[in-house]
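Here is a short tour of a protein chain, from its sheet to its core and its aromatic rings. Have the fold in view as you read along.

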Amino acid sequence: MLGLMTDEGTRALVARARETYAQRRAALADELAARGVASHGASGMNLWVPVRDESAVVNGLRSYGWWVAAGARFRLASGPGVRFTAAGLEPADAVRLASDFAAVLGESEVTYGG
């Protein structure tokens with residue numbers, strides 16, 4: 001394992017993945033923010049959005065063809081929320097996802113500012 005992490009090719013690949021994930025996460029965060037939706041996530045592949053009713057949001061997004069995770073199984077002390085994994089989300093698709101998410105929030109009034 002140590003040999004892999006000292007290999008320049010591996011390090012470059014990891015750095016490129018880190019940059020790609022950051023760009024995709026930022027694109028989604030920016031699109032959500034443009035619609036008044038607060039999200040959290042400074043590193044990694046995921047963004048978290050606080051909501052009142054995780055099930056309503058998860059099911060609402062499924063009706064638009066998106067799969068997100070309810071936060072219950074991932075959190076220890078935070079309130080309800082959903083987890084978006086942005087690793088495979090192209091920045092252009094972030095626009096549609098954010099719009100669909102805002103529509104789900106508007107339909108179910110589950111927005112939570114916390």
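To follow how a helix lies on a sheet, it helps to know that axes are lines fitted to C-alpha atoms, for helices over the stretch in contact, and that angles run from 0 to 180 degrees between N-to-C directions. Please keep in mind that this is a predicted model.

With that in hand, look at helix H2: H2 lies across E1 and E3, and its direction is at about 20° to E1. Helix H3 also packs on the sheet, where H3 touches E2 and E3 and makes an angle of about 35° with the direction of E3.

The sheet itself is open and has 3 strands, in the order E1-E3-E2, with antiparallel pairing. E1 and E2 stand at its edges with a single partner strand each, so one side of each has no neighbour in the sheet. Between E1 and E3 the antiparallel pairing runs over 5 bridges, and Leucine 47 stands opposite phenylalanine 84 in E3.

Now for the interior. The largest nonpolar core has 22 residues, and those with the most contacts inside it include Leu28, Leu32, Val82 and Phe101. At least two residues of this core come from each of helix H2 (8-34), strand E1 (46-50), helix H3 (54-63), strand E3 (81-85) and helix H4 (91-108). H4 supplies the largest share, 6 residues. Valine 82 is a good residue to click on: leaving out residues up to four places away in sequence, its contacts include Leu47, Val49, Val58, Val68 and Phe101.

How many aromatic pairs are there? The count comes to 2, and the table sets them out.

| Ring pair | Distance between centres | Angle between planes | Arrangement |
|---|---|---|---|
| tryptophan 48 and phenylalanine 74 | 5.9 Å | 70° | edge-to-face |
| phenylalanine 84 and phenylalanine 101 | 5.1 Å | 80° | edge-to-face |

Tryptophan 48 in strand E1 and phenylalanine 74, in the loop between strand E2 (69-70) and E3, are 26 residues apart, so their pair links distant parts of the chain. Tryptophan 48 is partly exposed, at 29% relative accessibility, and phenylalanine 74 is partly exposed too, at 32%. Phenylalanine 74 has a further partner: the charged end of arginine 83 sits over its ring, 4.0 Å from the centre.

Phenylalanine 84 belongs to strand E3 and phenylalanine 101 to helix H4, so this pair ties together parts that are 17 residues apart in sequence. Are these two phenylalanines buried or exposed? Both phenylalanine 84 and phenylalanine 101 are buried.

Terms used: Residues are numbered from 1 along each chain as its sequence is written. This is a predicted model: local features need pLDDT of at least 70, side-chain atom pairs count only at pLDDT 80 or more; totals for chains, interfaces and linings use all residues. Side-chain values use heavy atoms; hydrogens and water are left out. A nonpolar core is a set of buried Ala, Val, Leu, Ile, Met, Phe, Trp, Tyr and Cys residues joined through side-chain atoms within 4.5 Å. Buried means under 20% relative accessible area, exposed over 50%, partly exposed in between (1.4 Å probe, protein chains only). Helices (H or I, at least four residues) and strands (E, at least two) are DSSP runs, numbered from the N terminus. Contact means heavy atoms within 4.5 Å. Rings of Phe, Tyr and Trp (its six-membered ring) pair if their centres lie within 6.5 Å; planes under 30 degrees apart count as stacked, over 60 as edge-to-face and the rest as tilted. A charge sits over a ring if NZ of Lys or CZ of Arg is within 6 Å of the ring centre and within 35 degrees of the ring normal. Two strands pair if DSSP finds at least two bridges between them.
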